[in-house]
Structure formats: C-alpha cells, structure tokens
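Here is a short report on one protein chain. It moves from the overall fold to a few local sites.

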Amino acid sequence: MEWVNLKVPAERLSFAEAVRQGLGQQQGLFFPDQIPQLTLDAAFWQQDMLARAEQVMGAWLAPELGQETVSALVRDAFRFAAPLQAVTERSHCLELFHGPTLAFKDFGARFLAQCLSRFAEDTPLTILTATSGDTGAAVADAFYGLDNIQVVVLYPDGGISPLQEKMFCTLGDNIHTLAVKGSFDDCQALVKGAFSDAPLKQRYGLTSANSINIARLLAQICYYFEALAQLPAAQREQAVFSVPSGNFGNLTAGLLAKAMGAPIKRFVAATNANDTVPRYLADGVWSPMPVHATLSNAMDVTSPNNWPRVEALCQRQGWPLSTLAAERVSEAETEQRLRQLHQQGYLSEPHAAVASEALERQLQPGEVGVFLGTAHPAKFQGAVEQVLEIELPLPPALAAVVDKQVLSETLGADAAAFEAYLHRTV
Ligand SMILES: *Cc1c(COP(=O)(O)O)cnc(C)c1O
C-alpha cells in the first residue's frame, strides 16, 4: 500500500515516510491508494479491544511494518478503554475521554508518538502543531520527555480554556508553547507556512502532529469498531454515528472504518455555529466565514483541514456527499441539550452535546444512535458548571496542573516572528 498526496498524485510514500513528513508537497494531504477489507465474523467482534485494534491497524500496516511491530505500537498507545454508555433507549455515548489528557485526541497523539519515535531513528525532529485546545494537551503528553524530539504547540491566545492551557503549557523540558494573537485558523496558517518553507523544514526536521498526520487518523478508526462491538449484534447494522466536528479528522476516521467494512449505516457531521460544512452540503458553495467563538471551542474551525480527505474517500467509494447528514447546532441548542442529558442522568460537555443534539434530529425509527463523547466534562468545567448550575470536581489529571505556572510565550500571527521564535527556541 502507498500513501498518495491528494494534490500532487506523483508523490507516493510508504506509511513511515508519510508519517514522518506529515504534509506533502504543496500542502497536499496523504491518502491511502487502497482500503484494506476486514473479515467481520463473530470472532472479530468477540475479541478484546487491544486484539481488535491490532487486527484493524494490522490490515493497514502489517504489510509494511510486520504484525509484531503493529501490535507493539497499538499496545503502547492504547492504554485506556472506550466504553459505550447508554444514554437513552436508542442512543449511546462513545466515551473517548478516558486517556491521560481526557480527550479523544489521546488515541491519535499517542499512536503518532509511538510511530515517530520508532521511525525517526537518530534524526532530531521538531513536532509542530496548532491546537484549538485538546490536541495541544494530547500531543504534549504523548511526546513529553521523548529523546531527540522537540515539540512546539501554537494556540490562539485567550481562545482556549484556562484549564486546557494549564494542561500543556506547564510541562517545560521538550515542550514549547506559543500563544498566538489570532484565531486557530491563524495558528494553522503559521504551521502550514513553516511546512512549505523547505529550508526551514529541513533544518529543524519539522513534522506535523495535527490530525493531518495519517498516523493519528488511522488510530481513530479503531474506536468505531469498538463502539460497534459493544452494541448487540442485531443492532450493528442500524448504527448511526454523530461526530462533533472541527477539523473533520474524527469523521474521516469513521468513514475509513466504514470503507473497511464496518457496518455503519450512516454518519451525521455535527458542527457548532462554525458551519462551513453544513452550508456546503446544503448549497454546494464552500464559503468559510470568520471564526465564531462557542462553548464547544475545539470545534471553532471554519476551514476544516481534513475535508479534502472526506471528499476523496466518498468519491472513491461511490458515496454521494448527499449521504452525509450535517447539522449546525446553536449555542442555545447546545445548552438546552446539555441540560436535557443531565436530566436523563448523563453528565456531558458542550462538544458531545452538539453531537447528541444533531443525532436526535436525525435518528429514524429502528436506528440506534451513537454520539462521540470527545472530552471529559471537567475539561470544560466552567461552561458545564454555568449551564447546569452544578459544581464539578476536577479529576486528578486536572487537579494536578491547576497551580502550575504557564510557560508560554506570546506572539503575533506573523510568519517572520514565528521563524525567529523557532531559531531561538528549538
Ligand atoms: C478536536 C476536538 C473535536 C473536533 O475533532 P475533529 O477531528 O477536529 O473534527 C471535537 N471535540 C473535542 C473535545 C475536540 O478536542
């Protein structure tokens, strides 16, 4: 199997090379030239999560890396569960926040860190990543203390919660953090600009850890199978997944799972007021608006960088884009849904609430719904406490960082200033 640059199809790399590069020439995204198929017999569904993940990742990677290496990567990366919690009779939350930084991004970031530390050999690497919140914590935690790897995380100054900031900006050592005076899209533009500067990229061994990196994307495929395995066999073919979306990496992973044979009936792409995709699916016009700050701030993205992969995959599979449902959920609707979930006995947070609301709008009789719980409620403590009028204790992972000092530098959204920062820091 090869990984093809969607913009420059002549660029075809192995998995190890594509992971190492992150982004291809002309900022093209890598995409597999084939989709492996799984045999989904009773034995597949009955094994435990790690064994199933080894099989799912092995289908992609064993021909290149050998099954033994794939299994080691999976076992080092996935050290936490992904339980499916029943919320109502016909809807469930797939809880993806039981990893070290309490968000689904731990799955992808830890798998990527394991891959890079194996593939890099002795070349020093600099991981460059823009975050709208949770990526920063997951990437910093996954790479913290690894030899020969520096990490630079950019985030919008004031655009993430104080707790989120504490989680990844207080580590020090090989983790460098930068508060950019601008939006998440500005951060993303600085990162993309640095990658397209060949001498700079070469000099620092720049590598991406964003959801543009295929190692992250592949890791996320595993938990869609996990959700299905936890449903009664008779319901699997009726499963509808609602995915709270920002950069659309999670949705891409779900579509890849379906392309491998996962019996997922359909997907709902759920966004907050940053609704470029729902508008595009409705009228065919791609017109990102300025970024809107919302309660579900990890989804405050108006130019989702995985979208070309969604289109490429749908085209290859012969799935019309119209088969993708999309819903925009307002702030008032998010709050309302959060309260309703709480009344149903389920404590949630704004991102999952967006997905739950979109699911309720879309779910048809006979279908079973799964919305993705992408973050632990305590990660959005302020918003959750305010909307639900409750007090939310901090879990140990968060309580440990509250009193630590933020070590970030502040920088304008300016490519030259960013380059100067790299020169003096890395
Ligand atoms: C990153 C993130 C999202 C959005 O995921 P994408 O893969 O970028 O679409 C949703 N919820 C939370 C809590 C996140 O951290």
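A residue counts as buried when its relative accessible area is under 20%, as exposed when that area is over 50%, and as partly exposed in between. With that cut-off, helix α12, residues 276–283, has these buried residues: Thr-276, Val-277, Pro-278, Arg-279 and Tyr-280. The model is predicted.

**Around helix α12**

What lies over those buried residues? The cover includes strand β11 (266–271), α13 (307–317) and β12 (325–328). Just past the end of α12 comes Gly-284, with a positive phi of about 75°.

**The whole chain**

The protein holds 18 helices and 14 strands. Its C-alpha atoms occupy a box of roughly 60 × 50 × 45 Å along the principal axes. The radius of gyration is 20 Å; a compact globule of 426 residues would have one near 22 Å, so the two agree. Burial fits into this overview: 60% of the 426 residues count as buried. Contacts reach far along the chain. Among those between residues at least 6 apart in sequence, 75% join residues at least 24 apart.

The surface and charges can be listed together.

| Property | Value |
|---|---|
| Exposed area | about 15,700 Å² |
| Share of that area from carbon and sulfur atoms | 49% |
| Positive side chains | 30 |
| Negative side chains | 45 |
| Distance between the centres of the two charge sets | 3 Å |

**Lys-105**

UniProt, in an unreviewed entry, annotates Lys-105 as "modified residue: N6-(pyridoxal phosphate)lysine". Such annotations may be inferred rather than shown by experiment. In the model, Lys-105 sits in helix α5, which spans residues 105–119.

Is Lys-105 buried or exposed? Its relative accessible area is 11%. The cut-off for buried is under 20%. Lys-105 is therefore buried.

Which residues does Lys-105 touch? Leaving aside residues up to four places away in sequence, they are Asp-134, Thr-135, Ala-138 and Arg-216.

**The N-terminal span**

A second record concerns residues 11–78. UniProt, again in an unreviewed entry, lists them as "domain: Threonine synthase N-terminal". In the model this span is 59% helix and 7% strand. The C-alpha atoms at its two ends lie 31 Å apart.

Note on methods. Residues numbered from 1 in each chain as written. Predicted model: local features only at pLDDT ≥ 70, side-chain atom pairs only at ≥ 80, totals over all residues. Heavy atoms only, no water. Helix = DSSP H or I, 4+ residues; strand = E, 2+ residues; numbered from the N terminus. Rg over C-alpha atoms; globule rule 2.2 N^0.38 Å. Buried < 20%, exposed > 50% of the residue type's maximum accessible area, 1.4 Å probe, protein only. Contact = heavy atoms within 4.5 Å. Areas by Shrake-Rupley, 256 points an atom, 1.4 Å probe, with all protein chains shown as cover. Lys, Arg positive; Asp, Glu negative; His and termini not counted. Charge placed at Lys NZ, Arg CZ, Asp CG, Glu CD.
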